[in-house]
Amino acid sequence: MLQLQNKPYKEGVSVNPLAQVDPEIQEVLKAEIERERFRLQMIASENFSSPAVLEAQGSIFTNKYAEGYPNARYYQGCGPSDRVEQLAIDRVKALYQAEHANVQAHSGSTANLAAYMALLQPGDKVLGMDLADGGHLTHGAKFNFSGKLYEAHSYKVHPVTHLIDYEALAKQARELKPRLLIAGASAYPRIIDFAAMRSICDETGAYFLVDIAHIAGLIAGGAHPSPVPYADVITSTTHKTLRGPRGGFILCRNEFAKKVDAAIFPGVQGGPLMHVIAAKAVAFHEAHQPAFKAYAQQIVSNAKVLAEELLSRGFNLLTNGTDNHLILIDLRKENMTGADAARRLEEGGIVVNKNGIPDDPLGPRITSGIRLGVPAITSQGMREAEMHQIAGYIDQVVRGNGEAAELEKISNSVRELCERFPL
Ligand SMILES: Cc1ncc(COP(=O)(O)O)c(C=O)c1O
C-alpha cells in the first residue's frame, strides 16, 4: 500500500505523513505500541491482528462509498469494492460452511440489531443469557436497544455449577414462548450445547440466533463445535478470537438471506466500510490456513493450562475451568474486588477486565471477579510454559502487598517475558 512503502508519491511529499501532519496523534500511537508490546494483553475480547489485516484496513478503500451490495450499488465506481466484498462473502461462507453471509455489519452490536430486525417485530419476546451471568448487552439488557425495542427476558446459569441449565431453560421457554432464543455470551467459559438449544426452539416455535462473537476463531479453527447446523441466524464480531479488523458479520440460512441483507442496509446502516471489509476478507483468508487451526487449538490448550495452574494455586474459577479462550476468577475468597484486582494487575503489567460473577453483590463498576483471555498472548507465540509463568505473576499481584515497588518488579518480569515474544 502506498503509505506503507514509505516512498514519495509526489515529489517532495512523504507518504508517511502522520508525524508531520499530526505529531500529537503520532505520539499517542507510539504510546499504544509501547503499551501493547510490553504488557500482557489478556482481555478476552482482544487480539493482535496481522500486518496484512492492518494494511488492508488502513488502505485507500477508506475513501469509497459503496451503498448497496456487490453488483447492486447506488454509486458508480464500485468495481474494486464489488470484488473485495464478494471475496469476503465467499471466504466467510466457506470458512463456516454457511449458506449466506453478510459482511457489512460495522460491529457485533450492529449485527445483532440487524438480526433482530430481520427476525422480529418490535415488542416480540426474546430470551437471552442474563448480562450478569455472562450474556451481552445486546441480548436484552434493559438499557440497550435490545431491551427497549423488544420484550426481553433472560435465562440464568445454574446457581451452583454456573453452567447453562438446559432443562431449566427449556422449562422457561415453554412457559414464555419467546419469538427468539439467543445463545452466545461475553463471559461464559464452557462449550454451549447448540443442539440442545435448537431442540428447545423446535419445541417452542422460537427462532434460534447464535452470537459467536467471542468464539468465532475457535469455531473457524475447529477448536469449538459449530452452531451452523442448528442456528437460523449467526452473528459475530471479526476482531476477537478470529483476529481480524474491528467489525461484524452475519451468517444465515438462505431463507433469511433477503431479510438479513435488507436489515443491514438500508435497515440499520448506510454505506459499508469498504476498508474494513477488505481487512475482513484478509482475516477470513488467514483463518483458512492450517496455521490458524493450530492457533485455535493452542488457544484452548493455553487457557486450560492457565486455568489448571490457577486452580492448583487455590484460585476459585467459575465452572472450575474452561473449554474455550477465557477464564473467570471469582475473587471473593481473595478479599479483593474485581476493580482493585484489574487496577493492580495493570500496574503489574497484566491487562485484564473486571467482570461480574452471577448475582454479583458488588455491581458492574466494582464486581467480584476478573475475566482473563489468552487469544492475544497466544498470537504472540506464548505456549504452556508461559501460562505457568503468567499464573505465577497473577498470584503474586493479587495476593501480594500491592505496593508500588512490588508491582514494578513484577511488571519488569512481565516486560522481559513480552520481549521474548515480539509482536
Ligand atoms: C457476545 C458478544 N456479542 C456482541 C458483542 C458486540 O460487539 P461490538 O463491541 O463489536 O459491538 C460483543 C462484544 O464484546 C460480545 O461479547
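This report describes the confidence, domains, ligand surroundings and nonpolar core of one chain.

The model is predicted. The chain has a mean pLDDT of 96, and 96% of its residues reach 70 or more. Residues 1–6 have a pLDDT below 50, and in the model this stretch makes 12 contacts beyond near neighbours in sequence. Where pLDDT is low, the predicted coordinates should not be read in detail.

The domain assignment divides the chain into domain 1, covering 60–287, and domain 2, covering 290–420. Between the C-alpha centres of domain 1 and domain 2 the distance is 28 Å. Contact between them involves 24 residues of domain 1 and 24 residues of domain 2. On the side of domain 1 that touches domain 2, two or more residues come from each of α10 (216–220) and α12 (274–287). Of the elements there, α10 gives the most, with 3 residues. By class, this side of domain 1 has 11 nonpolar, 7 polar and 6 charged residues.

The ligand is surrounded by 14 residues, and the closest are S107, G108, S109, S186 and A213. The shell around the ligand comprises 2 nonpolar, 11 polar and 1 charged residues. The table sets out the class composition of the two residue sets described above.

| Residue set | Nonpolar | Polar | Charged |
|---|---|---|---|
| Side of domain 1 that touches domain 2 | 11 residues | 7 residues | 6 residues |
| Shell around the ligand | 2 residues | 11 residues | 1 residue |

The largest nonpolar core contains 123 residues, and V233 and I250 have the most contacts inside it. Helix α12 gives the most to this core, with 10 residues. At least three residues of the core come from each of domain 1 (60–287) and domain 2 (290–420). Helix α12 is thus named twice, since α12 (274–287) also gives two or more residues to the side of domain 1 that touches domain 2. Leaving aside residues up to four places away in sequence, V233 touches A115, A118, L119, L209, I250, C252, F256 and V260. I250, listed with V233 for the most contacts inside the core, is one of these partners of V233.

A further residue to consider is I33, which is placed in helix α3 (residues 23–38). Is I33 buried or exposed? I33 is exposed, because 11 other C-beta atoms lie within 10 Å, and a residue counts as exposed if that number is 12 or fewer. I33 and L306 are 273 residues apart along the chain, and their C-alpha atoms are separated by 26 Å.

How values were computed:
Residues are numbered from 1 along each chain as its sequence is written. This is a predicted model: local features need pLDDT of at least 70, side-chain atom pairs count only at pLDDT 80 or more; totals for chains, interfaces and linings use all residues. pLDDT is the predictor's confidence in each residue, from 0 to 100. Two residues are in contact if their C-beta atoms, placed from the backbone, lie within 7 Å. Domain bounds come from an automatic or database domain assignment. Helices (H or I, at least four residues) and strands (E, at least two) are DSSP runs, numbered from the N terminus. Ala, Val, Leu, Ile, Met, Phe, Trp, Tyr, Cys and Pro count as nonpolar, Asp, Glu, Lys and Arg as charged, and the others, Gly among them, as polar. A residue is near a molecule or strand if its C-beta atom, placed from the backbone, lies within 6 Å of it. A nonpolar core is a set of buried Ala, Val, Leu, Ile, Met, Phe, Trp, Tyr and Cys residues joined through C-beta atoms within 7 Å. A residue is buried if 20 or more other C-beta atoms lie within 10 Å of its own, exposed if 12 or fewer, and partly exposed in between; C-beta atoms are placed from the backbone.
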